[in-house]
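Q: Please choose one part of this model and give me a close look at it, beginning there and working outward to its surroundings. I would like the reasoning to be spelled out wherever a conclusion depends on a cut-off.

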Amino acid sequence: MRFSKTKKRYVKPEEETFHDSSESGEIEKADGGRTERRMFALGVRKSTALVKIRPRFSKPGLWLDIGSWEGPDLNASLMHALGKAGFYSAAFVLQRVLADALDLDPQEIEVASMVRRKIHENENPVWVGEIVLADRLANGSGFVRELSENFSDFSDLCLGKAPRNSALKSPFAEYLLSEAHAQSCMTACPRCLQTYFNSVFHGLLDWRLGVMTLRAIVDKHYVCGLDMNFDYPEFRGQAKVVEKAAQLLITAAREQLQWLFKPEEDCPVALLRSQDVLVGVAPGIWTRDAHEYYPPMQRFIEEHNPDDLPVCWVDVFNTLRQTTWVLKVLNV
Ligand SMILES: [Zn+2]
């Protein structure tokens with residue numbers, strides 16, 4: 001994590017892959033019979049404080065990148081959506097908890113940007129997502145500085161752990177991670193992450209994905225259930241969400257997929273089979289081959305895969321929202 005006070009540019013650099021129609025567009029210019037098309041963006045500059053949060057390392061089997069949706073690769077496009085959903089949801093969890101703990105209006109803290117960064121592990125380049133939070137007021141108001149200086153306390157609150165500073169409380173975080181909320185909220189609701197001011201992001205928000213992504217960033221031992229340890233608040237109520245996603249796949253595939261394993265509260269994954277592939281519906285930010293890196297998950301798959309079919313994991317986020325695209329990737 002890096003803290004800096006710098007000039008924040010609202011002009012989006014060319015390499016960023018998302019475009020807000022209110023700020024960017026295309027312009028065509030006729031030149032001697034040739035038409036040239038150029039991208040443009042409008043923006044203003046503001047000096048304020050910002051904090052950048054990104055993983056310091058990658059984890060095999062976990063998707064901590066936001067990827068790129070450019071090009072015809074449908075699978076890359078789905079993984080891009082999953083990464084963006086995880087990082088944006090994590091950003092809004094942090095924004096709401098920080099505002100709650102400091103007794104602020106959440107609008108004081110802006111989710112300013114989400115970018116892709118290259119980090120190096122053993123000299124090999126690895127891409128990860130990066131959350132950028134900023135003070136809304138010009139010249140900074142000290143709120144993201146507070147987050148930067150006491151990051152572990154605020155992240156502990158977000159993850160349901162007791163912070164070192166016991167005076168710091170967040171009723172919002174307690175409700176977010178509670179059994180009552182987990183049982184009533186499938187992905188996001190107005191009582192957790194959805195507000196009027198972030199309505200443009202509602203399609204991406206999922207409180208479980210946000211908490212999983214944040215925990216994966218700060219806890220180097222956390223592997224999002226791939227070690228068969230689902231004893232975290234973000235997995236509460238997840239079994240019925242996974243079951244709904246799997247049922248959508250079965251219906252869309254017109255009975256070409258059959259149940260192998262129905263999700264249970266202490267093991268919220270679904271296994272389905274077609275003639276040629278075993279489809280796993282993952283409860284979190286798993287890659288397509290996630291089980292290969294973790295012996296407990298490998299053993300679980302072997303138990304339910306007597307025909308030794310190739311295994312492919314799909315995520316709940318895309319399966320609930322883009323079921324037919326997920327089926328296309330699976331080629332079922
Ligand atoms: Zn909710």
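A: A residue is called buried here if 20 or more other C-beta atoms lie within 10 Å of its own C-beta, and exposed if 12 or fewer do. The part I have chosen is strand 9, residues 278-282, and what follows describes a predicted model. By that cut-off 5 of the 5 residues of strand 9 are buried, so the strand is largely enclosed by the rest of the structure. For comparison, 38% of the 332 residues of the chain count as buried.

The two faces of the strand can be taken in turn. In a regular strand the side chains alternate between the two faces of the sheet. Here Leu278, Gly280 and Ala282 lie on one side, Val279 and Val281 lie on the other, and both faces are covered, since every one of these residues is buried.

The sheet to which strand 9 belongs is open and has 4 strands in the order 7-8-9-10, with mixed pairing. Its edges are formed by strand 7 (258-261) and strand 10 (311-315), each of which pairs on one side only, and from one strand to the next the twist averages 30 degrees. Strands of a sheet pair through backbone hydrogen bonds, either parallel or antiparallel. Strand 9 takes part in both kinds: with strand 8 (residues 270-273) the pairing is antiparallel over 4 bridges, whereas with strand 10 it is parallel over 5 bridges.

On the strand 8 side, the two strands form a hairpin with 4 residues between them, and Ala270 has Val281 of strand 9 as its bridge partner. Val281 is also bridged to Val314 in strand 10. Further partners on the strand 10 side include Val311, which stands opposite Leu278, and Trp313, which is paired with Gly280.

Although strand 10 is an edge strand, 4 of its 5 residues are buried, so it too is largely enclosed by the rest of the structure. The route from strand 9 to strand 10 passes through helix 8, and this β-α-β crossover is right-handed. Within this connection, the loop between helix 8 (295-303) and strand 10 holds Asp308, which has a positive phi of about 55 degrees although it is not a glycine. Most residues other than glycine have a negative phi, and most peptide bonds are trans. Asp308 has 8 C-beta neighbours inside 10 Å and therefore counts as exposed.

A second residue with this backbone feature is Cys224, whose phi is positive at about 60 degrees although it is not a glycine. Cys224 belongs to the loop between helix 6 (207-218) and helix 7 (238-252), and because 25 other C-beta atoms lie within 10 Å, Cys224 is buried.

Another buried loop residue is Gly61, with 22 other C-beta atoms within 10 Å; its loop runs between strand 4 (45-53) and helix 1. Leaving aside neighbours within four places in sequence, the contacts of Gly61 are Val223, Leu226, Trp286, Thr287, Ala290, Tyr293 and Tyr294. For one of these, Ala290, the separation is 229 residues in sequence but 3.9 Å in space, C-alpha to C-alpha. For the chain in general, residues 24 or more positions apart account for 67% of the contacts with a separation of 6 or more.

Moving outward again, helix 1 takes part in two helix packings. The axes of helix 1 and helix 6 come within 7 Å and cross at roughly 85 degrees, which makes the two helices roughly perpendicular. In this contact Ala85, Gly86, Phe87, Ser89, Ala90, Phe92, Val93 and Leu94 of helix 1 meet residues of helix 6 that include Trp207, Val211 and Leu214, and by class the contact has 11 nonpolar, 4 polar and no charged residues.

Helix 1 (residues 74-102) also packs on helix 3 (residues 151-158), with axes 10 Å apart at an angle of about 105 degrees, and these two helices are therefore roughly perpendicular as well. The residues involved are Val93, Leu94, Val97, Leu98 and Ala101 from helix 1 and Phe154, Leu157 and Cys158 from helix 3; by class they amount to 8 nonpolar, no polar and no charged residues. These packings belong to a chain with 10 helices and 10 strands, of which strand 9, buried on both faces, was the starting point.

Key:
Residues are numbered from 1 along each chain as its sequence is written. This is a predicted model: local features need pLDDT of at least 70, side-chain atom pairs count only at pLDDT 80 or more; totals for chains, interfaces and linings use all residues. Two strands pair if DSSP finds at least two bridges between them. Axes are lines fitted to C-alpha atoms, for helices over the stretch in contact, and angles run from 0 to 180 degrees between N-to-C directions. Two residues are in contact if their C-beta atoms, placed from the backbone, lie within 7 Å. Angles under 35 degrees count as roughly parallel, over 145 as roughly antiparallel, 65 to 115 as roughly perpendicular and the rest as oblique. Ala, Val, Leu, Ile, Met, Phe, Trp, Tyr, Cys and Pro count as nonpolar, Asp, Glu, Lys and Arg as charged, and the others, Gly among them, as polar. A crossover is right-handed if, with the strands pointing away from the viewer, the path from the first strand over the helix to the second runs clockwise.
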